[in-house]
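This report looks at how two chains meet and at a few local features on either side. The sequence and structure are shown first.

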Amino acid sequence: MNGSLQALLAGADLWRARGGGMAATGACRPSGWPRLDAELPGGGWPLGTLIELLLPETGVGELSLLLPVLRGLAAEPPTHARRWFAWITPPHAPYPPALAQGGIPAERLLLIHAAQSEDRLWALEQTLQSGHCAAVLAWLDRVDDRWLRRLKLAAQCGQTLTVLFRPLRHQSSGSPASLRLTLEPGAAGLDLAVLKRRGGGPVRVHDVLGA
Amino acid sequence: MATRQIMRRKVAARPADNRTGDLFAVTPAVPLAVPPIAPLPRTASVHRQLWLAVQLTALPLVAAAGDSRPCGVVAGEGGTRALVACNEAALRAGLSAGLALNAARARVPDLQIHERDLLLEQRHLARLARWALGFTPLVSIEAPDALLLEVQGSLRLLGGLDVLLQRVAVELQAQGHAALLGVAPAPRAALWLARAGGQPPVESQANLAGALAQLPLMATRWPARTLEDCTRLGVATLGELRRLPREGLARRFSPQLLDELDEAYGRRATPRRRYVAPERFEQRLELPAELGSTTALLPYCGRLLEALAQYLRERDRATATLTLMLLHRDARPACVRLGRALPTASAVEWQELLRERLGRTTLAAPVRALLLRSGPAVPASGTSGMLDGCGSGAAHAEAEAFALLDRLRARLGEQAISGVCLVAEHRPESAYRSLRPVPQPARASSVVPLLPATPRPLWLLALPEPLAERDGRPRHSGELRLESGPERIESGWWEGPEVQRDYYVARTSRGARLWIYRVRAGADARHWFLHGVFG
C-alpha cells in the first residue's frame with residue numbers, strides 16, 4: 001500500500017464499509033477490551049447516543065464489561081460538568097464498595113427509582129438532556145420505538161455514555177440505538193455479538209473479560 | 001383579576017424601615033445575620049414602657065411532643081443525666097424536674113424518655129416570637145425559654161391590659177404551651193415577676209419596688225452559688241437583698257448581679273435585641289374563575305413566581321423552599337411543597353419544578369385562589385441564579401448538576417433519588433448507606449474507608465437468598481462451581497445482627513459469577529446463601 005493511500009485511510013473523513021468500521025462519528029471512549037475496541041466504530045463506546053446491551057439475565061458480566069470505560073470517565077477532568085453516574089431502576093442495588101474498587105467514587109453515584117414505566121423513561125430523558133451525567137445506565141422493561149427515538153434525541157444533547165439494558169428477547173426487534181450488542185456467557189468470558197454498529201455489519205467477539 | 005397583597009404580620013409588625021415600601025413586603029427587609037438592637041429609651045424618659053414577660057414552663061416537653069403516658073425530657077451526660085421536665089402523668093407518678101434519670105427509672109419503669117433538643121426548643125421559641133409580633137412590634141427573645149413584649153404602645157389598640165393578658169393566655173394554651181406571665185415597666189422586672197408566678201401586673205414605676213421586694217431570689221435564676229451565699233447572709237427576698245449596702249454587694253458578688261438589680265428596678269436601661277422574623281415572601285392570587293385543571297393553573301403560578309423572583313432579586317436573596325397552597329371553595333387547601341438543593345431566585349427554575357409537580361397532582365376540587373409562600377430568604381451570593389458572571393465555573397456546574405436532582409425529585413418524589421456513601425464496616429451489607437446527595441465537593445476526600453482487598457460483587461442482593469443444596473453443595477439453576485474462597489467475614493456480637501460467614505466466588509453452569517456464603521453458626525449454620533452477583 002503506498003503512502004498516499006495510507007494517509008487517506010488514516011483520515012477521519014473516509015467512510016469504510018469493512019475492516020475497522022468507519023472513522024469516528026462522535027466522541028468515543030475505549031472500552032478497555034482491545035478485541036472489542038477493534039470492532040467498535042471509533043475504537044470504543046460512543047458517547048452521546050444510545051447503546052443497547054441485550055442480556056439473557058442480570059449478572060452475566062454486563063457491569064464488568066463497562067467497568068473500564070466507567071473508570072475512564074470517572075478519571076476525566078473536570079468532574080463537575082458531568083458529575084453523575086446515574087443508575088435508573090437497576091434490578092439489584094449496585095454495590096458501592098465494589099464500584100469504588102473499580103475506580104468509580106461513591107459520591108458520584110446517583111440511584112433513581114421509579115415504579116412507573118413512563119416515569120422511568122422521563123427520568124432517563126431528563127438525565128440525558130441535563131448533560132450532567134458522565135454515564136447513564138438504565139434498565140428498561142418495556143419501551144416503544146417512539147420513546148427510543150426521543151431518548152436518542154435526548155442523548156445527542158450531551159456527551160453522556162448512555163447504556164440501555166434490555167432482555168435478550170428484544171434482539172430481533174428494531175431499534176434506533178446506534179450500537180446494539182448481545183451478551184452471553186461464553187466458554188472463557190463473555191461472548192458478544194454486535195448486532196448493529198455504524199458503518200459495519202454484525203460481528204461476534206468471543207471471550208471478552210476472559211483472563 | 002385582583003392581585004391582593006397580604007400583610008403577614010399585621011400593621012404593627014412593620015418597624016421603621018424605609019426599604020419595606022414595596023408591594024410585596026411582608027416583614028422588614030433587614031439582614032438576617034445581625035438582628036438590629038433596638039435602642040430603648042431610658043425608663044425615666046418621656047416614652048413610658050410596659051413589658052410583658054412570657055416565661056414558658058414546659059418548653060422542653062412541648063418540643064419533645066410526648067403523649068399522655070408518663071414521659072420525661074432528659075439532659076446531661078453519663079451519671080449526671082437528669083430530668084429537665086416531665087409531663088403530668090409523670091408528675092402524678094412522683095417524678096419531678098431535677099431528678100436523676102436512674103432514680104426516675106426506678107420509680108416509673110415504663111417512663112418514656114426524650115433527649116432534650118435545645119435546637120428544637122429554640123425553633124419553638126422563635127415561632128412564638130413570630131406569634132408575639134401580632135401584639136407588638138417589639139419582641140425580644142430571652143433565651144432559653146422566655147419572651148419579652150413591649151406592650152405599652154399596643155394597649156389601646158388591643159383593648160387594655162386585661163384583655164391583652166387574657167388573649168395571650170388563651171392563645172398560648174391553644175398552641176400547647178404552658179407559661180407564667182409578668183407585667184412591669186422594666187423588662188427584667190417583668191421577667192422576675194413572671195418567674196415568681198401569680199404576681200399581679202405592675203403598671204407604674206411607683207409600685208415596682210414594692211412588688212419586687214417580696215419576690216424570692218429564686219426568680220432571678222442567679223447561679224446556685226450566689227443564691228447559697230445570699231441564704232447564708234439571711235437574705236431570702238429581693239427586698240432584703242436591696243437593703244444591704246450597695247458597696248458590700250459589689251464587693252461580694254459579681255458586678256452583673258448589681259446591674260441586673262438596677263435593671264429590674266428601672267434604674268438602668270439595657271438595650272434588648274429585637275426579634276426580627278425571617279424574611280419570607282407571601283402573596284395570594286385570586287383566580288378569575290374556579291379552575292379544575294393543573295395546566296390551567298400554571299400561568300397564574302408563573303405570575304406569582306415572577307413576583308417572588310422580583311421580590312428576591314430586589315433584596316439580593318434566594319430561597320430553597322416554596323409552598324404553594326391551592327385554595328378551594330369548600331375543601332381544605334391542598335399544599336404543594338417544593339424544595340431545591342440550592343437556593344435560587346430564578347422564576348424559571350421554580351416554574352420547571354412546579355410544572356413537574358403539578359403535572360402529578362390531581363385536584364380534589366376546583367381551585368379558587370393560589371397562595372405562594374417562600375421559605376426563609378437567604379443571602380443570594382453563591383447560590384444558583386446569581387452565578388452568571390460571578391462565582392467560579394465549577395461552582396456553577398455543581399449547582400446545575402444538583403438542579404437536575406431537584407427536577408427529578410419534583411416529579412418522582414423525595415425517596416426516588418438517592419446517593420450513597422461508603423461506611424467503614426466489615427459486614428458487606430453495611431459497608432455503604434444511601435443518603436440525600438448534597439452539593440459538598442469537599443466531602444469526597446475527607447474520609448475514605450479502606451476498601452476490602454478481595455473483589456466484591458457489583459450487584460448486592462437486598463436480602464441474601466437461600467440457595468438450593470444437594471449433598472451439602474450449593475446449587476443455582478444447576479451445580480455451582482466454587483472458584484475462590486473462603487473469605488471469612490465476622491462481626492462482633494456487640495455490633496447488632498451477628499455475622500459469621502464464609503464467602504466464596506462461584507460460577508453457575510451458564511457462566512455467571514456469584515458471591516455466595518455459608519453460615520458458620522446459628523440457626524442457619526452450614527446453609528448456603530446467595531449475596532451478590534459479580535455482573
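## A sheet shared by two chains

In this predicted model, strand E18 (residues 459-466) of chain B is paired with strand E24 (residues 528-533) of chain B in the antiparallel sense, and four bridges connect the two. Within that pairing, Trp459(B) has Val533(B) of E24(B) as its bridge partner. Trp459(B) is also the bridge partner in E18(B) of Pro94(A), and the pairing to which this bridge belongs, between E5(A) and E18(B), is antiparallel with two bridges. Trp459(B) therefore has bridge partners in both chains, since Val533(B) lies in E24(B) and Pro94(A) belongs to chain A, with a strand pair requiring at least two bridges.

These pairings belong to an open sheet of six strands, which runs in the order E5(A)-E18(B)-E24(B)-E23(B)-E22(B)-E21(B) with antiparallel pairing. Its edges are E5 of chain A and strand E21 (481-490) of chain B, each of which pairs on one side only. As a general matter, side chains in a regular strand alternate between the two faces of the sheet.

The strand pairs described in this report are set out below.

| Strand pair | Sense | Bridges | Bridge partners |
|---|---|---|---|
| E5(A) and E18(B) | antiparallel | two bridges | Pro94(A) and Trp459(B) |
| E18(B) and E24(B) | antiparallel | four bridges | Trp459(B) and Val533(B) |
| E12(B) and E13(B) | antiparallel | seven bridges | Met325(B) and Cys335(B) |

## The interface between the chains

Contact between the chains involves 45 residues of chain A and 46 residues of chain B, and together they bury about 3,900 Å², of which 65% is on carbon and sulfur atoms. Two salt bridges are found across this interface, and in one of them the side chains of Arg411(B) and Asp119(A) come together at 2.9 Å, N to O. Eleven residue pairs are counted in polar contact between chain A and chain B, both residues being at pLDDT 80 or more.

On the side of chain A that touches chain B, at least two residues each come from several elements, among them helix H3 (62-75), strand E5 (93-94) and helix H5 (117-130). H5(A) gives the largest share of that side, seven residues. By residue class, the side of chain A that touches chain B divides into 27 nonpolar, twelve polar and six charged residues.

Helix H3 of chain A contains Ser64(A), which touches Trp33(A) and Leu209(A) as well as Leu458(B), Phe534(B) and Gly535(B), leaving aside residues up to four places away in sequence. With a relative accessible area of 21%, Ser64(A) is classed as partly exposed, because the buried class ends at 20%. The C-alpha atoms of Ser64(A) and Leu190(A) are separated by 9.9 Å, although these residues stand 126 residues apart along the chain.

## Two local features of chain B

Elsewhere in chain B, strand E12 (residues 317-328) and strand E13 (residues 334-344) pair in the antiparallel sense over seven bridges. A hairpin of five residues joins E12(B) to E13(B), and Met325(B) is placed opposite Cys335(B) of E13(B).

Thr220(B) sits in the loop between helix H8 (205-213) and helix H9 (224-232) of chain B. Is this loop residue buried or exposed? Thr220(B) is buried, because its relative accessible area is 4%, and buried means under 20%. Not counting residues up to four places away in sequence, Thr220(B) touches Trp192(B), Arg195(B), Leu227(B) and Leu238(B).

Technical notes:
Residues are numbered from 1 along each chain as its sequence is written. Chains are lettered from A and ligands numbered from 1 in the order in which they are written. This is a predicted model: local features need pLDDT of at least 70, side-chain atom pairs count only at pLDDT 80 or more; totals for chains, interfaces and linings use all residues. Side-chain values use heavy atoms; hydrogens and water are left out. Buried means under 20% relative accessible area, exposed over 50%, partly exposed in between (1.4 Å probe, protein chains only). Contact means heavy atoms within 4.5 Å. Buried area is the accessible area (1.4 Å probe) that two parts lose on being put together, summed over both. A salt bridge is a side-chain nitrogen of Lys or Arg within 4 Å of a carboxyl oxygen of Asp or Glu. A polar contact is a pair of N or O atoms within 3.5 Å; within protein, one must be able to donate a hydrogen and the other to accept it, and residues adjacent in sequence count only if both atoms are side-chain atoms. Ala, Val, Leu, Ile, Met, Phe, Trp, Tyr, Cys and Pro count as nonpolar, Asp, Glu, Lys and Arg as charged, and the others, Gly among them, as polar.
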